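Dear colleague,

I am passing on the structure we spoke about, and below it I have set down what was found when going through it. Please keep it open while you read.

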Amino acid sequence: MSEEQSPEQILAQQKEQCPFCKIISGEIPATKVYEDDKVVVICDINPLSPGHMLVLPREHYPLLPMIPEDVRHSMFEKVKYFSKAQKDVVVTESNSHFVASGGVAGQQAMHFLLHIIPAENETARFYKPPIKLESTQYNQLKESATKYLPQLIAQITHKPKKTEPEIGTEQKNQQKTQLNENQTEQTQMNTSEPDSERKKKLAQFIESNETIQQILKDKPDEFAKLIAEREDLKELFAGIDVYALSHKLKENEQSLSQIKDETKNDVEQQKHTVTPEQKKHVGSLLEENDELRNALIKNPDEFIQKIKGTKNEELFVGIDIHTLSQRLAEAYKDE
Amino acid sequence: MSDILYEDAFIKIKGDDDPITLGHLTIYPTQDVTQLEELPADVIAYMYEVANKCATFLFEGLKAQGTNIILYNGPNTHKKVHLAVIARTEGDGIDLHWQPTQGDPAKVNDMASKLKSALIIGEQKKVELKAQEPQTQKQSVSDNMYYHELRRLP
C-alpha cells in the first residue's frame, strides 16, 4: 500500500483481495452457518477447537469502529444465539469471544472478525500474567477514563430497552412476583402506602389466581367494580392503581411470550405448544360431550382433577383451562 | 484497582484487577451472570457497543496501537461473564493469538451443518430484529478517523 493512495482507494484494493469478501459472495466455498443482509457466520477452517465460529459483517470493514452502528448492533444482538447454538452443539458451558484490532493485537485478516471459540479447556481462555501498574499510571488512566468514557458512551444510540433481567421460563413465577412487587411500589405515590406485608399478600393473591389475572389484564374496569363490591378485595387493593397494574400484567405477559419464543427449540416447550389440530380436537370433543363441557364450565379446577390420568389429559396439555372455562361459560350462557 | 470508571443501568466499567497491559478495562453487566445467554440480546449488544467505545478511548486517550476485545462466557473462562478491552502497543510482549492449524474438513463440515440447524431459531429471530432497525447511516469513508489506521493493517 503506497502512502499516496486515498482511504477509499486503500479500502477498495483491500476489498478486492479480501478472502472473506470472496467467501461471503460465494466465490470461495466455505461452511456458512448463518447469513442475513448484514451478518454472515462461518466455521473457521483452522479451528482452535471444534465448533470455532467467525462472525463477519457482510460488507467489508477492516476494524470494529468503521462498521456503522446499526450494522454493529444487528451483529452483536445476534451473538447470543450464535453463542448458544455453539454451546448446544459442542456441548460445553463456556466459550470465549475474541476480537483483534490492529496488527499489534494479532489481527491477521483485513475483514472484521469476531471469533467465538468453545472453551472446554485452557485453549481458549486468553489468560496472561498480570503486570504491576504504578499508582501514577493508574491514576492517569482513571482520570482520563472517568472524563472521556461517559462522553463516548453517550454517543451510543442503541440503548437496551428494558432493565428487568431476562430469565429462563422455569423462573417465570419468580419474575411475576418480582414484577407485582414493582407494580405496587410504583403505585404507592398517589395513595396510601401499602406495607410490604400486604404487598406480598397481593402479589401471591394475583399470582395464584389465573382468573383474577385474566380479568385484571383484560377488563380493568370490571375489576375496579369488583373491588368496590367486595370488602376483602377492597382491603387488599387499597392504594393500588388497578389500571397501572393491568398494564404491567399485559407487559409481563408480552415479555413472557417473548421468552417462550426464544426457547421454542426447547423440546420441553414444543411438547406444550398447542397445535391447531389439538384445538380442533378439543373443540369438537367439548361440543359433543355435554357432561364434560358442563363440568369444565362449572369448576375448572375440578375439571383438571377429573381428566387427570384419563386419555383426555393429553389432549388438554398446554391449554389454559381457566380461560377456556370462561369462554365456554360465555358461549353457553343461554343453555 | 477496582474503582468504577463508568456505570449506568446496564453495565459498569472497571480497571481490571489483574491488568496484562496498561489500559486493561473490564465491562461487567449489572446483572451478575455466569452464562452470557442469560442476558437480554440488547444488553449483550450494548456491552459490545461500550467495548467499542472503550477501544476508541484506548486508541485516542492512551495512544494504543491496537486493542483486543475478549468476552469470557462460562465457568471454564471466569466466574462471571465480562468483557475485557485491552490496549496493545508494539513490543508489549503479549501474544494472544494462536497458530492456525488446518482442521479436518469433514469434521468442520459436520460441525457447520449441526450449527446451522441449531441456528434456525436465530433466523426466525432475524425477522423481528430487522423490523426494529433504522436505516444504515451514510458515512463518508474519509470522515472516519480510523481510516488512518488502515496502513497499519497486515
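In this predicted model, Thr31(A) has a relative accessibility of 12%, and because buried means under 20%, Thr31(A) counts as buried. Thr31(A) lies in the loop that runs between α2 (19–25) and β1 (32–35) of chain A. Setting aside the neighbours within four places in sequence, Thr31(A) is in contact with Val41(A), Ile42(A) and Cys43(A), and also with Val108(B), Asn109(B) and Ala112(B) of the other chain named here.

The next element to look at is a helix of chain A. Helix α5 of chain A covers residues 135–153, and since each residue should add 1.5 Å, its 19 residues should span 27 Å, which agrees with the 26 Å between its end C-alpha atoms. Even so, α5(A) bends by about 30 degrees at Ala145(A), and Ala145(A) is also one of the buried residues of this helix, which include Tyr138(A), Leu141(A), Ser144(A), Leu149(A), Leu152(A) and Ile153(A) as well. In an α-helix there are 3.6 residues a turn, so residues three or four places apart point the same way. The buried residues of α5(A) pack against β1 (4–7), β2 (11–15), β3 (24–29) and α1 (41–61) of chain B.

As for chain B itself, its secondary structure consists of three helices and five strands, which follow the pattern β-β-β-α-β-β-α-α when read along the sequence. Chain B has 154 residues, of which 55% count as buried, and it exposes about 6,900 Å², with 48% of that area supplied by carbon and sulfur atoms.

With best wishes

Conventions
Residues are numbered from 1 along each chain as its sequence is written. Chains are lettered from A and ligands numbered from 1 in the order in which they are written. This is a predicted model: local features need pLDDT of at least 70, side-chain atom pairs count only at pLDDT 80 or more; totals for chains, interfaces and linings use all residues. Side-chain values use heavy atoms; hydrogens and water are left out. Helices (H or I, at least four residues) and strands (E, at least two) are DSSP runs, numbered from the N terminus. The expected span of a helix is 1.5 Å times one less than its number of residues. The bend at a residue is the angle between axes fitted to the seven residues ending there and the seven starting there. Buried means under 20% relative accessible area, exposed over 50%, partly exposed in between (1.4 Å probe, protein chains only). Contact means heavy atoms within 4.5 Å. Accessible areas come from the Shrake-Rupley method with a 1.4 Å probe; for residues, only the protein chains shown count as cover.
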